[in-house]
Amino acid sequence: MNTLLNSSDNDTGLPKWQQPEKMAGRVVLLGLVGAVVYYWGVILPFLVDMVFDTVKLGIGLGGLFVLFLLVTNKRIQAGLWYAGQRILRTAAGIFVNTDPIGIMEDYISNTEKEARKMDAEVGHIEGAHELVQRKLAANATQMQEYLALADAATRQGEKDSADSYASRAAQLEDYNQRLQPMATTTNNVSLVMRQILKAALRQIDGSKFKVNLLKDEYALVKRTSSGMRAAMNILRGDPDKKYFFDLATDRVAQDMAQQLGQIKQAMRYSQEFVKEMDIQNGVMSEKGQRLLDKYQKGEFNAVLNEKPQAQQNVLTTKNASNDAYSSLLD
């Protein structure tokens, strides 16, 4: 019936060009298409700007969310702090040795370099002392020659030559007198520096022995500490992991309590249902027992005669209901 009504409403018998609502819809649709095509050069930049502005807005909101987490979340702050320390320590390790054993080894290496420099300087001082000694010996030899020449010139009566040779000998003597303290100083300095160098070398050897011992002890302690740390992690537990473990334990306990409550509630409902079924079964059992007693006593026909009356009542009720519905339709 609805199909017939719809078909009768839509089928007006007029051609499509005489139906104004369809023509108006097509005109409006064509106008919208033309407007979109005409203003596409304006709409496209607007859409592009809207998309990029949306992306920028998302990036800005993400940055604000990250800043919010940095301000409020203590764990993220602690993680960033430790990460920053690790990065700075790594960057410093590129230029400076941060390992304690490495620092001591660098100190010993620098001391050995200074000892080698000192040994070279002592060699220079001893070389200078040897040169001074040779110069003193050469001046003494030359002075003796000048004195011998002056003596020979005096015997020959050449006073001027004798004075000249004697003057040269005096100059060499004065030269040697001035060089003698320098020779003594270089000798003393070389001796002192040799003693210092020996002490430094002994100290370097002792430091090497101490560093090697500390290095072995430190390696053993690190290995022992690593094992004990593992044992303490088992005994005490990682604080963060233990926190989540406690949360998980509480969650499991809550779920178990909830499930036990649901089980107890279901058991109460089932117990009530079983009791109700037992009551109904008891009532039906008593009713069946009464029917059986009546049957055994020969009163079962009286029971059967009661059924038509019940059917009559049902038919009467049905007819009354039909009469009521018919009256409503009238």
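Let me begin with helix α3, residues 40–72, since this helix gives the largest share of a nonpolar surface patch, namely 7 residues. The patch covers about 740 Å² and is built from V36, W40, L44, F46, L47, V48, M50 and F52, and the last of these, F52, has its place in helix α3. Please keep in mind, as we go on, that what we are looking at is a predicted model.

Let me step back to the chain as a whole. The secondary structure of the protein chain comes to 8 helices and 0 strands, so that, in the order of the elements from the N terminus on, we read α-α-α-α-α-α-α-α. The chain has 330 residues, of which 9% count as buried. It exposes about 27,600 Å² to its surroundings, and carbon and sulfur atoms supply 62% of that area. As for how the chain meets itself, if we take the contacts between residues at least 6 apart in sequence, 69% of them join residues at least 24 apart.

Now, how confident was the predictor? The mean pLDDT of the protein chain is 76, and 78% of its residues reach 70 or more. Among the elements, helix α5, residues 100–155, has the highest mean pLDDT, at 86, while helix α1, residues 2–10, has the lowest, at 43. Over residues 1–11 the pLDDT is below 50, and this stretch has 0 contacts in the model beyond near neighbours in sequence. There is also a stretch further along, residues 307–312, where pLDDT stays under 50 and where the model has 0 contacts beyond four places in sequence. Where pLDDT is low, the predicted coordinates should not be read in detail.

With that caution in place, let me turn to helix α5, and to one residue found in it, N139. Is N139 buried or exposed? N139 is buried, because its relative accessible area is 7%, and the cut-off for buried is under 20%. Leaving out residues up to four places away in sequence, N139 touches L172, Y175, N176 and L179. With one of these, N176, there is also a polar contact of 2.8 Å that joins the two side chains.

A second residue to look at is S190, which is found in helix α6, residues 159–235. S190 is buried as well, since its relative accessible area is 6%. Which residues does S190 contact, once its neighbours within four places in sequence are set aside? They are V122, I125 and E126.

E126 leads us on to the charged residues. Side chains of opposite charge can pair when their charged atoms come close. The structure holds 8 salt bridges, and I would like to go through some of them with you. In one of them R194 pairs with E126, with the closest N and O atoms 3.0 Å apart. This pair links distant parts of the chain, because R194 is in helix α6 and E126 is in helix α5, 68 residues apart. Both partners are partly exposed, with R194 at a relative accessible area of 27% and E126 at 32%.

The next bridge stays inside a single helix. D151 forms a salt bridge with R155, and the closest N and O atoms are 2.3 Å apart. Both residues lie in helix α5, 4 residues apart, which is about one turn of the helix. What do the accessibilities tell us about D151? At 41% relative accessibility, D151 counts as partly exposed, whereas R155, with a relative accessible area of 62%, is exposed.

We find a bridge of R178 with D174 too, where the closest N and O atoms are 3.7 Å apart. R178 and D174 both lie in helix α6, and again the spacing is 4 residues, about one turn of the helix. Here R178 is exposed, with a relative accessible area of 64%, while D174, at 37% relative accessibility, counts as partly exposed. Finally, salt bridges that share partners join D119, E126 and R194 into one network.

To gather this up, we began on the surface, with the nonpolar patch that includes W40 and F52, then looked at N139, which is buried, and at S190, which is also buried, and ended with the network that holds D119, E126 and R194.

Definitions and conventions
Residues numbered from 1 in each chain as written. Predicted model: local features only at pLDDT ≥ 70, side-chain atom pairs only at ≥ 80, totals over all residues. Heavy atoms only, no water. Patch = residues over 30% accessible without salt bridge, like charges linked within 9 Å, V, L, I, M, F, W, Y side chains within 5 Å. Areas by Shrake-Rupley, 256 points an atom, 1.4 Å probe, with all protein chains shown as cover. Salt bridge = Lys/Arg side-chain N within 4 Å of Asp/Glu carboxyl O. Helix = DSSP H or I, 4+ residues; strand = E, 2+ residues; numbered from the N terminus. pLDDT = per-residue confidence, 0-100. Contact = heavy atoms within 4.5 Å. Buried < 20%, exposed > 50% of the residue type's maximum accessible area, 1.4 Å probe, protein only. Polar contact = N/O pair within 3.5 Å; in protein donor to acceptor, adjacent residues only side chain to side chain.
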